[in-house]
Amino acid sequence: MIARSLGVLALFVVMAATADVARADLFDDHTAYWLKQAAEKGAPATSLSMKDGSKLKPISKRFSSPCVVFKTDDDNWTKALITWGLRKGKNGPTPVLIIERFVTYRGDRPNLTAAAGKDVMLFPGFAFNFDIGQVVPEGQGEDVKCEGEATLTVIEPSKMFPLNGSAIPDAATDGKSKPADHAEVLAEDFAGSWIVRIDGRWEGRWDLKVDERRIYGKFISEGTKSEYELNGRIAGLAHNARFDVELANTSQTFDAYLWTKDKAAMAGTVVIAERKVGFYALRVAADE
């Protein structure tokens, strides 16, 4: 009994410590849908230099590097944060291009990812294939190439669309109540973005919406950045929701209980492949 109590206490401590730093990531919010919207509204660019990049507005105040959209030669969609720097060498510093983060969504199934990665350094003359997420030699499906003073050049038939700010319109408050505005628990208190951790093995984010007592939305995997549909209902208790997440090869069935005081966290059980384990989720603050 003591060991079990200590385990529960440890969970509370972890959740309390994490709640202050959990925030939504606007880069993750730029799904394949918004990448296509940006491409339709924007003009393609053949190259992007450090000077060009400095003139672009980041997607939010939390980022200093511009975000660039690519349509790859395999008809996939990629988003990438690009920056520039200098690398020390025997003959002095060399300008380099750095892909801070990138995610490639499959063109045939845009909710799934083909590749993802971060901290890729390209020297002049090096090329990158976003479809497989690898530095490649010429003629191996490269989408972009680093040239000259670390200028990013797109290789046809791939296309590049630099974003000048976010591709996602500002969310309207639409007059809906906020969880902290009332003492009772309402069905819509489940709505919002949540960082979820399952059995200490899997992590991701829920984007939940509520329509009367129906709960639906998506789960974004932290590991693969793939998106999966989520559907369910608010149960008999106002602070209890039950929903399923349909993954590529299996499903997850959640029985979730919302904290009734501040509505900032929820916990419960999830069944995966007939095995029941625990999870907890933290509400994330809006990106700035």
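**Entry 1: strand β2**

I began at strand β2, which four bridges join to β10 in an antiparallel run. Strands here are DSSP runs of E with at least two residues, helices are runs of H or I with at least four, and both are numbered from the N terminus. Two strands pair if DSSP finds at least two bridges between them. I looked up one partner: V68 has P162 as its bridge partner in β10.

Before going on, I noted that this is a predicted model, in which local features need pLDDT of at least 70, side-chain atom pairs count only at pLDDT 80 or more, and totals for chains, interfaces and linings use all residues. Residues are numbered from 1 along each chain as its sequence is written, and side-chain values use heavy atoms, with hydrogens and water left out.

Then I turned to β3. Strand β2 (residues 67–71) and strand β3 (residues 77–87) are antiparallel and joined by five bridges. C67 stands opposite L81, and V69 stands opposite K79. Five residues lie between the strands of this hairpin, and D75 takes a positive phi near 65° there.

Is β2 enclosed or open to the outside? I found four of its five residues buried, so the strand is largely enclosed by the rest of the structure. Buried means under 20% relative accessible area, exposed means over 50%, and partly exposed lies in between, with a 1.4 Å probe and protein chains only.

**Entry 2: the open sheet**

I followed the pairing outward. The open sheet has five strands in the order β5-β4-β3-β2-β10, paired antiparallel. Its edge strands, β5 (113–122) and β10 (159–162), each pair on one side only. The twist averages 25° from one strand to the next. Angles run from 0 to 180 degrees between N-to-C directions, and axes are lines fitted to C-alpha atoms, for helices over the stretch in contact.

Which helix lies across this sheet? Helix α3 (residues 32–41) lies across β2, β3, β4 (94–105) and β10, at about 75° to β3.

I also checked T151, which is found in strand β9 (residues 151–154). T151 is buried, with a relative accessible area of 18%. Beyond four places in sequence, T151 is in contact with S47, L48, S49, L97, K145 and C146. Contact means heavy atoms within 4.5 Å.

**Entry 3: the barrel**

Next I traced a closed barrel of eight strands, β11-β12-β13-β14-β15-β16-β17-β18, with antiparallel pairing. Neighbouring strands of the barrel are turned by 30° against each other on average, direction ignored. I picked one pair: β14 and β15 share five bridges in the antiparallel sense. I234 stands opposite A241 in β15.

**Entry 4: cores**

I searched for nonpolar cores, which are sets of buried Ala, Val, Leu, Ile, Met, Phe, Trp, Tyr and Cys residues joined through side-chain atoms within 4.5 Å. The largest has 27 residues, and W206, M266 and F279 have the most contacts inside it. The elements that give two or more residues to this core include β11 (192–198), β12 (202–211) and β18 (275–283). Apart from the largest core lies another of 22 residues, among them V120, V144, L152 and M160.

I listed some of the residues that F279 touches beyond four places in sequence: they include V196, I198, W206, F254 and M266.

**Entry 5: rings**

How many aromatic pairs are there in the whole structure? I found 12. Rings of Phe, Tyr and Trp (its six-membered ring) pair if their centres lie within 6.5 Å; planes under 30 degrees apart count as stacked, over 60 as edge-to-face and the rest as tilted. F219 and Y228 have ring centres 6.4 Å apart and planes at 25°, so this pair is stacked. Both F219 and Y228 are buried. Elsewhere on my list, ring pairs link F70, F102, F128 and F130 into a cluster.

**Entry 6: whole chain and confidence**

I closed with totals. The protein chain has four helices and 18 strands. Of its 288 residues, 43% count as buried. Residues 24 or more positions apart account for 48% of the contacts with a separation of 6 or more.

The chain averages a pLDDT of 87, and 88% of the residues score at least 70. This score is the predictor's confidence in each residue, from 0 to 100. Where does it stay under 50? I marked residues 1–22, for which the model has 16 contacts beyond four places in sequence. I also marked residues 171–175, where the pLDDT is below 50 and the model has zero contacts beyond near neighbours in sequence.
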